[in-house]
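Colleague: I would like to learn how to read a model of this kind, feature by feature. Where should we begin?

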Amino acid sequence: MVDDEKGIRDILNDMLEAMSYDPLCVEDAESALAVLPKDHYGLVITDLRLPGKSGEEFLKKVKTAYPTLPVVVISGYGSTKKIVDVIKNGAEDYLSKPFTPEDLEVVVLKALEKRRLLEENQNLRNQITDGQKGFMVGTSPAIRKVGQLIQKFAPSDASVLILGESGVGKELAARAIHDLSSRAEKPMVIVNSGALPANLFEAELFGVKKGAFTGAQETREGLFQAADGGTLFLDEVAEIPLESQVKLLRVLESGEVRMVGDSKSRKMDVRVIAATNQNLEEMVERKLFRKDLYYRLSVLVLPVPSLRERLGDIPLLTDFFLKSRLKDGQTPKRVSTQAVKWLLSQRWPGNVRELKNQLERAKLLAAGSEIQPSDLALPQTAENNGPRGPFRQAKQAQVRSFEKNYLANLLRESKGNVSQAARSSGLARRNFQLLLKKYKLKPNAFRAD
């Protein structure tokens, strides 16, 4: 912690010690630069106005020498331009004096959590080149397990079945397997199985010999031939019609493809990765999917978790999406503390895809450099938030959503005062607290609003 005023250093020291941190407080940039190499520090907090080297100069030197070390800047003289400048120069966050212990705690936790996520995530970053080549952003136990399985499955030529809800990143997982395999230099051909009509399935996948049927004016190779030496990704594999499944099974078993209208088969070297958001085992029981094809496709199985199962990845995912597709010199939008809370409170039925779309929308709606909850919240319409699924489960989900939002609104209005919120609800304080515990709502989080 760097500040030239002893009184401020003492106050911050007490605040940080109360949060169970072990702060080292110094009075100027030179002293800080002298001690930084001597220990492993998790965070730097610095005032902008310092004797000798300014806070801006100090920030640049720290980020040059320690790129992953987060820096939080504090000042009582901040203008909007000054805040934008320090963020552009690498500061993790900005605190204006005066601030409360709660303000400080939120900023510190956010900065340290982001650093932890970045460092843990580096291993998979080193394995896969970038987000456009299959990198699945996240460091939660659930997504780390996916990363471990991807690295185990990649060297094999065995078929892989990827399971998961819509929007979780099944295609990214398939791309990662392909990119880490010995087939990486060969094509990965993507097939949307649900978009192929049954009468064209065989022609599209296996190709057509000239004259095979009316309109076949020339010989045309299929998607299997296009993927020779590489990977064929069968997305939405559960949508393949039953009559076409037997033809696909025959190719998977023999490794040979015969064009429609041809009398000869051709040997193909294709690894097949399939994906579905359906329960294939249940479909097999209901005779909607062939058991033998299911076993052939599921030699290796990769479950991809929903975003609800990896909420801890949201800050890193948010940072990744906001920094992607930036033009030269363009500064990424930041997400306010309250907006992060909002993101973490959602159920995300559309998973990572929905989060990405929300952030794209918020980037356009945000008036300033920081995204607020109002930029993220969508109107409650049947189209985007209406109940889905069986009546009983849909009703329970709506009740849970109402209760959680109702409690959060009361806490927000009362600034985290539980007694006041309970009185407003008409519930006994103990019953109100039990509901807070049920939905993991912490009154402290609303006192900093």
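Modeller: Begin with burial, for which a cut-off is needed: a residue is buried if its relative accessible area is under 20%, exposed if over 50%, and partly exposed in between. Keep in mind that this is a predicted model. Now take strand 6 (231-235). Thr-231, Phe-233 and Asp-235 lie on one side of strand 6, Leu-232 and Leu-234 on the other, and all are buried, so both faces are covered by the cut-off just given.

Colleague: How much of the protein chain as a whole is buried, and how much area does it expose?

Modeller: Of its 449 residues, 42% count as buried. The exposed surface of the protein chain comes to about 24,100 Å², with 50% of it supplied by carbon and sulfur atoms. The protein chain contains 21 helices and 12 strands. Among its contacts with a separation of 6 or more, 69% are between residues 24 or more positions apart.

Colleague: In what order do the strands of the open sheet stand?

Modeller: The order is 5-6-9-4-10, with parallel pairing across the 5 strands. Strand 5 (188-192) and strand 10 (300-303) are the edges; each has a single partner strand, so one side of each lacks a neighbour in the sheet. On average, neighbouring strands here are turned by 20° against each other, direction ignored.

Colleague: Which bridges hold strand 6 in place in that order, and how many are there to each neighbour?

Modeller: Strand 5 and strand 6 run parallel and are joined by 5 bridges; Met-188 has Thr-231 of strand 6 as a bridge partner. Towards strand 9, strand 6 pairs in the parallel sense over 4 bridges, and Leu-234 stands opposite Ala-274 of strand 9. Strand 9 (residues 271-276) also pairs with strand 4 (residues 160-163), again parallel and over 4 bridges. There, Ile-162 has Ala-275 in strand 9 as its bridge partner.

Colleague: Which helix lies across these strands?

Modeller: Helix 7 (residues 170-179) lies across strand 4, strand 5, strand 6, strand 9 and strand 10, and runs at about 155° to strand 5. Helix 7 is mostly covered, with 7 of its 10 residues buried. Among the buried ones are Ala-173, Ala-174, Ala-176 and Ile-177. The general idea helps in reading such a list: an α-helix has 3.6 residues a turn, so residues three or four places apart point the same way. The buried residues of helix 7 pack against the five strands just named and also against helix 6.

Colleague: In helix 6, is Ala-142 buried or partly exposed?

Modeller: Ala-142 belongs to helix 6 (residues 141-153) and counts as partly exposed because its relative accessibility is 25%. Leaving aside residues up to four places away in sequence, Ala-142 touches Pro-305 and Glu-309. The C-alpha atom of Ala-142 is 6.4 Å from that of Arg-310, although 168 residues separate the two along the chain.

Colleague: How is a pair of packed helices described?

Modeller: Two packed helices are described by the angle between their axes and the distance between the axes. For helix 8 (residues 198-206) and helix 10 (residues 242-254), the angle is about 20° and the axes are 9 Å apart. These two helices are therefore roughly parallel to each other, and helix 8 passes helix 10 in a right-handed crossing. In their contact, residues of helix 8 including Phe-201, Leu-205 and Phe-206 meet residues of helix 10 including Lys-247, Leu-248 and Val-251.

Terms used:
Residues numbered from 1 in each chain as written. Predicted model: local features only at pLDDT ≥ 70, side-chain atom pairs only at ≥ 80, totals over all residues. Heavy atoms only, no water. Buried < 20%, exposed > 50% of the residue type's maximum accessible area, 1.4 Å probe, protein only. Contact = heavy atoms within 4.5 Å. Areas by Shrake-Rupley, 256 points an atom, 1.4 Å probe, with all protein chains shown as cover. Pairing = 2+ DSSP bridges. Axes fitted to C-alpha atoms, helices over the stretch in contact; angles between N-to-C directions. Parallel < 35°, antiparallel > 145°, perpendicular 65-115°, else oblique. Left-handed = near helix turned anticlockwise from the far one by under 90°.
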